[in-house]
Amino acid sequence: ARRAVETNYGHGTAELTLEAHTARAAFSYWEGRFATSLEHILHARVLYDKAKHGHHCFVYGQDPLAYGYCYGALILWFQGYPDQAEESATRALELAEETHHPLTFAGILSFVTDLYYHLRDPATFLGLAERMSAVSTEQGLSLWGAWARSMIGSAKCNLGEQDEGIREIEAGLEAFSSTGAAANTSYLLAR
């Protein structure tokens, strides 16, 4: 991603530069380098033009603007700004819905659901996880559906429904594993 930003920046390839900044923002977020991630998110926001880049979700698999707001929301929470995090998450959901792109919408729902876990709002956490489950089922997105099921279980545990919650978490993790995915399973178990 770093090479893509360096190679494309200033060479008239705004589409690739936008995607490179989006990738750098994501990598930096997962590495815990939040300031760097925010820098790339802001670069992507400046470059993004819906008329020119609205098709990116169908070409590259996700909407860069929606994901930028979503990563930004989680970073804001980690930095101690929960109200701003909620505002950014709301904007991410709005943008994701506008794309009419199921993978973008399911992914953004996952991140926003996770934010409400951190915000200790189990009712909203559960509602978003159920929404993610519905979208995933409707669109045949088994990985996101499995993730949603585990999140539903976690929310139910937080709401005092431990037995049902644990069953949902276990079923979700089993379904998640059956997709071949392994990333973040320890994170789900740690809840």
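Let's start with a single contact: Glu 31 and Arg 33 join their side chains in a salt bridge, with 2.7 Å from N to O. Keep in mind that this is a predicted model. How exposed are the two partners? Glu 31 has a relative accessible area of 52%, so it counts as exposed, given that the cut-off is over 50%. Arg 33 comes in at 31% relative accessibility and is therefore partly exposed.

That pair has company, as the count for the model comes to 6 salt bridges. Another one of them brings together Arg 131 and Glu 97, whose side chains meet at 2.6 Å, N to O. Which parts of the chain does this pair link? Arg 131 sits in helix H9 (residues 122-139) and Glu 97 in helix H7 (residues 82-99), so the bridge links distant parts of the chain, 34 residues apart. Both ends have some access to the surface: Arg 131 is partly exposed at 32% relative accessibility, and Glu 97 is also partly exposed, at 37%.

Now look at Glu 168 and Arg 149, another salt bridge, this one at 2.9 Å from N to O. Glu 168 belongs to helix H11 (residues 162-178) and Arg 149 to helix H10 (residues 142-158), so this pair ties together parts 19 residues apart in sequence. Is Glu 168 buried or exposed? With a relative accessible area of 18%, Glu 168 is buried, because the cut-off for that label is under 20%. Its partner Arg 149 is partly exposed, at 36% relative accessibility.

Time to step back to the whole chain. You'll find 12 helices and 0 strands in it. The radius of gyration is 17 Å, close to the 16 Å that the globule rule gives for 191 residues, so the chain is as compact as a globular protein of that length. If you want a box around the C-alpha atoms, it would be roughly 55 × 35 × 25 Å along the principal axes.

What about the inside and the outside? Of the 191 residues, 47% count as buried. Take the contacts between residues at least 6 apart in sequence, and 57% of them join residues at least 24 apart. On the outside, the accessible surface of the chain comes to about 9500 Å², and carbon and sulfur atoms account for 53% of that.

Finally, back to charges, where we began. The chain carries 14 positive and 23 negative charges, and the mean positions of the two sets are 6 Å apart.

How values were computed
Residues numbered from 1 in each chain as written. Predicted model: local features only at pLDDT ≥ 70, side-chain atom pairs only at ≥ 80, totals over all residues. Heavy atoms only, no water. Helix = DSSP H or I, 4+ residues; strand = E, 2+ residues; numbered from the N terminus. Rg over C-alpha atoms; globule rule 2.2 N^0.38 Å. Buried < 20%, exposed > 50% of the residue type's maximum accessible area, 1.4 Å probe, protein only. Contact = heavy atoms within 4.5 Å. Areas by Shrake-Rupley, 256 points an atom, 1.4 Å probe, with all protein chains shown as cover. Lys, Arg positive; Asp, Glu negative; His and termini not counted. Charge placed at Lys NZ, Arg CZ, Asp CG, Glu CD. Salt bridge = Lys/Arg side-chain N within 4 Å of Asp/Glu carboxyl O.
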